[in-house]
Amino acid sequence: MSAPMIQFSRVNKWFGPVHVLRDVDLEIARGEVVVVCGPSGSGKSTLLRCINRLEPVQSGEIVVDGQRVQDARLDLSGFRAEIGMVFQQFNLYPHMTALDNIALAPRKVRRTGAADAARLARDLLAKVGIPEKERAYPAQLSGGQQQRVALARAVVAQAPVCLMDEPLSNLDAKLRADMRIELRELQHRLGITSVYVTHDLEEALAMSDRIVVMRDGLIAQVGTPGDIYNHPRNAFVADFIGSANLIRGSHRHDLDADGLIALETPSGHIVHGMAHGRPVGADLTLSIRTVHLQLSARKPEATQNIWPVRIERSVFQGDFSQTHVDWGGQRLVIRGTMEPLAEGSEAFMAVEPRRASEPVRPQGARPWDRPAAPARSRPVG
């Protein structure tokens, strides 16, 4: 098995008294697209900037393609030349054409001849879908076209690693959705190892080979989009990645050998769900995605997980309706293609037991399945 392209080992970072990264361990394989997401202040952009030493770390180690980032003997300019970067602001040179913006890096970094650099730039302009814009200046390009030029500029030097910090956030919603697909295809086509920071959860799910969810400088969970969405490790991940209803109560009993369990809520509802082999304590939290709840005016024929609810609010949002219901004193959210129901009316809510996810840890628990590490003091200097 080949060594990871990027490896974090017990990395800690402080800004003054603020502990921004806390004992971060992470491995990123060659050619992998890893998306780092989390709320504001979670440490995701700082993690990205530590990879090419735009931000120094106080303890731990980061290794990129076999090179120790903290090594005082590291040729930092040469090291950074092997890492492309794309930010929210495209930072194109306004006095240079799209072609010249892209050709500059191979000419200056790789000492490529002008003709060969122009050929590389034209090839990448074609790959990002705007070959006809080679003579256009940034002011003559749309936001999406500027983004494509910035992306081409980041990869033209054939850097094996590309870091992207919310590069699509300034684009309109439709263009952003289109660019997600194009960007992911380009990354895989070129075999670039990519670390991509975003606050857009749809972007994280659509673009990644794996997702890193961060909270308060900690990695809360790492996994494929499917793993993160369907099997959240704790309540924070369940609620942050996609919309989820968290059902809390007491573990009543196990129902069969396949992992089906029963939870009793404070209001007396019995919810059947899946444990997926994870240990179950006396207190239990199940995660149910808003899209997995079914709502109807008539009682379904199923025999499990059916309850009467009262419609509090129903909002038509184009492709789906979002409905808030009162379920024995708890407000739940349901998303689906059903017709909006009248506020105050009675209806029935149902969910398949396999869609009531495994027990998740509460918000305050440590987010990994290993004993807590001993407290570590901040290094001096």
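Which residue just after α1 takes a positive phi? That is Arg53, with a phi of about 65°. Here are some notes to read beside the structure, which is a predicted model.

1. **Helix α1.** Let us start with the helix that comes just before Arg53. Helix α1 covers residues 44-51 and is mostly covered, with 6 of its 8 residues buried. The buried residues are Lys44, Thr46, Leu47, Leu48, Cys50 and Ile51. If you step along the chain in your viewer, the positive phi of Arg53 turns up just after this helix.

2. **The open sheet.** Next, have a look at the open sheet of 4 strands, which runs in the order β2-β1-β4-β5 with antiparallel pairing. The edges are held by β2 (18-28) and β5 (67-68); each has a single partner strand, so one side of each is left without a neighbour in the sheet. At the β5 edge, β4 (residues 59-64) pairs with β5 in the antiparallel sense over 2 bridges. To find the spot, look for Val64, which stands opposite Gln67 in β5.

3. **Strand β7 and its surroundings.** Strand β7 takes in residues 161-165, and 5 of its 5 residues are buried, so this strand is largely enclosed by the rest of the structure. Val161, Leu163 and Asp165 point one way from β7, while Cys162 and Met164 point the other way. Note that Asp165 is among these buried residues, along with its nonpolar-looking companions in the strand, Val161 and Leu163.

4. **Partners of β7.** Which strands pair with β7 in the parallel sense? One is β6 (residues 83-86), joined to β7 over 4 bridges, and here Ile83 stands opposite Val161. Another is β8 (residues 193-198), joined to β7 over 5 bridges, with Leu163 standing opposite Val195. Between β7 and β8 the chain crosses through helix α6 (residues 173-190), and this β-α-β crossover is right-handed.

5. **The largest pocket.** If you are curious about pockets, the largest has a volume of about 510 Å³. It is lined by 21 residues, and those closest to its centre are Ile83, Met85, Ala105, Arg153 and Ala154. The elements that give two or more residues to the lining are β6, α3 (98-109) and α5 (143-155). Helix α3 provides the largest share, 5 residues. Sorted by class, the lining has 14 nonpolar, 4 polar and 3 charged residues. Ile83 therefore appears in two places in this note: opposite Val161 in the strand pairing, and among the residues closest to the pocket centre.

6. **A salt bridge between distant parts.** Side chains of opposite charge can pair when their charged atoms come close. This structure holds 18 salt bridges. In one of them, the side chains of Glu32 and Arg210 meet at 2.6 Å, N to O. The pair links distant parts of the chain: Glu32 sits in the loop between β2 and β3 (33-37), Arg210 sits in strand β9 (residues 210-215), and they are 178 residues apart. Glu32 is buried, with a relative accessible area of 11%.

7. **Two further pairs.** Asp71 forms a salt bridge with Arg68, their closest N and O atoms being 3.9 Å apart. Asp71 is buried at 18% relative accessible area, whereas Arg68 is partly exposed at 38%. Glu134 forms a salt bridge with Arg122, and there the closest N and O atoms are 3.2 Å apart. Glu134 lies in the loop between α4 (114-127) and α5, and Arg122 lies in helix α4, so the pair ties together parts that are 12 residues apart in sequence. Glu134 is buried, with a relative accessible area of 16%, while Arg122 is partly exposed at 39%.

8. **A salt-bridge network.** Which residues are linked in a network of salt bridges? They are Arg176, Arg180, Asp200, Glu202 and Glu203.

9. **Val333.** Finally, go to strand β18 (residues 330-336), where you will find Val333. Is Val333 buried or exposed? At 18% relative accessibility it counts as buried, because the cut-off for buried is under 20%. Val333 and Thr198 are 135 residues apart in sequence and 25 Å apart in space, C-alpha to C-alpha.

Technical notes:
Residues are numbered from 1 along each chain as its sequence is written. This is a predicted model: local features need pLDDT of at least 70, side-chain atom pairs count only at pLDDT 80 or more; totals for chains, interfaces and linings use all residues. Side-chain values use heavy atoms; hydrogens and water are left out. Two strands pair if DSSP finds at least two bridges between them. Buried means under 20% relative accessible area, exposed over 50%, partly exposed in between (1.4 Å probe, protein chains only). A crossover is right-handed if, with the strands pointing away from the viewer, the path from the first strand over the helix to the second runs clockwise. On a 1 Å grid over the protein atoms alone, a cavity is a set of points where a 1.4 Å probe fits but cannot get out, and a pocket is an open set with protein on both sides within 12 Å along at least five of seven lines; lining residues have an atom within 4 Å of a point. Grid points are joined across faces, edges and corners, and a volume is the space filled by probe spheres set on the points. A salt bridge is a side-chain nitrogen of Lys or Arg within 4 Å of a carboxyl oxygen of Asp or Glu.
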